[in-house]
Amino acid sequence: MSEHKGIFTSDAVKGYLAAEAKMESEQLSERLWTVSDGKYRSIFVEAESSVVAFDTFGTPARARAYAAEINRSIPDKPVSTVIYTHDHLDHAGFAADFAPDAKIVADEMTAKVIAMRNADGQLPVTDALSGQEHSVTYDGAEFTLLNRGPVHGTGHLSAYFEDEKLFFSSDTILANARYGLMPDYHIANFVKIMRSFLDLDFERFVPGRYEVTDRKRFEEGCDYIEAMQTTCQQAFISFTPIWVHDAMATYVQNELGERFGHLDGFKEHAGQTAIRIVHHYLMGGWGLEDTPDPGILLADER
Ligand SMILES: [Zn+2]
């Protein structure tokens with residue numbers, strides 16, 4: 001069986017794309033579920049006669065397992081709508097294997113990137129949203145989609161479920177310190193925009209990776225990245241060799257360990273997070289998304 005390949009060019013990668021994954025879902029409210037492969041996480045909503053699902057997971061096999069898990073949780077209701085939280089293939093790359101006939105919703109900037117990228121298996125957006133806030137209803141399921149500016153990826157959408165007092169934001173804040181190299185995180189405005197979501201009345205927070213958490217841990221996640229930004233600037237003052245992973249890891253572990261050492265993954269991950277963030281200050285950011293007025297990336301939406 002051939003598999004959709006995303007942007008991989010090597011046929012040998014099929015072993016990765018087709019590797020079976022075990023999905024586990026958990027019901028969060030009468031209509032709302034969360035699902036994880038043990039690392040990545042998403043949500044889906046039971047609508048009147050169908051299911052509204054966020055993202056697709058990151059390989060064809062995982063997309064199929066996601067579809068199977070939804071079918072197990074909500075039998076006899078097809079996935080009618082897929083909402084891409086952002087453009088990244090590891091979250092939203094394989095709708096062709098997940099729900100090939102579904103309507104695909106995303107921010108219009110996401111839609112542009114996906115159309116131009118033309119990755120194998122990532123279906124184009126059929127319903128592009130323009131603007132920062134959308135009260136949406138899909139097959140009777142009501143909730144709010146929010147893009148307050150560049151935080152991660154292109155055209156990132158978070159979701160707010162008022163009845164459940166629940167906020168879902170994929171690939172932004174985590175309830176731990178297990179950030180990778182943070183590629184395509186928009187550091188200039190990331191914490192400011194993420195912290196702005198605290199104006200929503202939510203108690204539970206569903207991140208795009210790892211465990212479901214709460215408002216307090218969301219706030220702590222914002223504090224962690226902000227403190228990491230401050231500490232990375234201090235590394236310049238102390239002439240820490242900022243290109244050297246081990247030197248940066250030691251520096252930020254010493255500076256932040258007392259306050260954030262309890263976060264899962266802190267010791268293993270703080271160094272690579274710091275390497276990414278010192279380069280933000282070194283270079284001035286990564287393009288337009290890291291300019292002080294990120295609204296330029298919403299330019300088409302005004
Ligand atoms: Zn991402």
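At roughly what angle do the axes of helix α7 and helix α9 cross, and within what distance do they come? In this predicted model, the axis of α7 (residues 215-237) comes within 9 Å of that of α9 (residues 266-283), and the two cross at roughly 70°. Angles of 65 to 115 degrees count as roughly perpendicular, so α7 is roughly perpendicular to α9. The crossing in which α7 passes α9 is right-handed.

The contact itself can be followed residue by residue. From α7, the participants are Met228, Gln229, Cys232, Gln233, Ala235 and Phe236; they meet Thr273, Ala274, Ile277, Val278 and Tyr281 of α9. By character, the residues of this contact comprise 8 nonpolar and 3 polar, with no charged residue.

The sheet is the next element to consider. Seven strands form an open sheet in the order β1-β2-β3-β4-β5-β6-β7, and their pairing is mixed. At the edges lie β1 (24-27) and β7 (127-129), each of which pairs on one side only. From one strand to the next, the twist averages 20°.

Within this sheet, strands β4 (residues 51-54) and β5 (residues 79-83) run parallel and are joined by 4 bridges. Ala53 stands opposite Val82 of β5.

Two helices may be placed relative to these strands. Helix α2 (residues 60-73) packs on the sheet, where it touches β1, β2 (32-36), β3 (41-46), β4 and β5; the direction of α2 makes about 145° with that of β2. Helix α5 (residues 108-117), in turn, lies across β6 (103-107) and β7, and runs at about 110° to β6.

Technical notes
Residues are numbered from 1 along each chain as its sequence is written. This is a predicted model: local features need pLDDT of at least 70, side-chain atom pairs count only at pLDDT 80 or more; totals for chains, interfaces and linings use all residues. Axes are lines fitted to C-alpha atoms, for helices over the stretch in contact, and angles run from 0 to 180 degrees between N-to-C directions. Angles under 35 degrees count as roughly parallel, over 145 as roughly antiparallel, 65 to 115 as roughly perpendicular and the rest as oblique. A crossing is left-handed if the near helix is turned anticlockwise from the far one by less than a right angle, and right-handed if clockwise. Two residues are in contact if their C-beta atoms, placed from the backbone, lie within 7 Å. Ala, Val, Leu, Ile, Met, Phe, Trp, Tyr, Cys and Pro count as nonpolar, Asp, Glu, Lys and Arg as charged, and the others, Gly among them, as polar. Two strands pair if DSSP finds at least two bridges between them.
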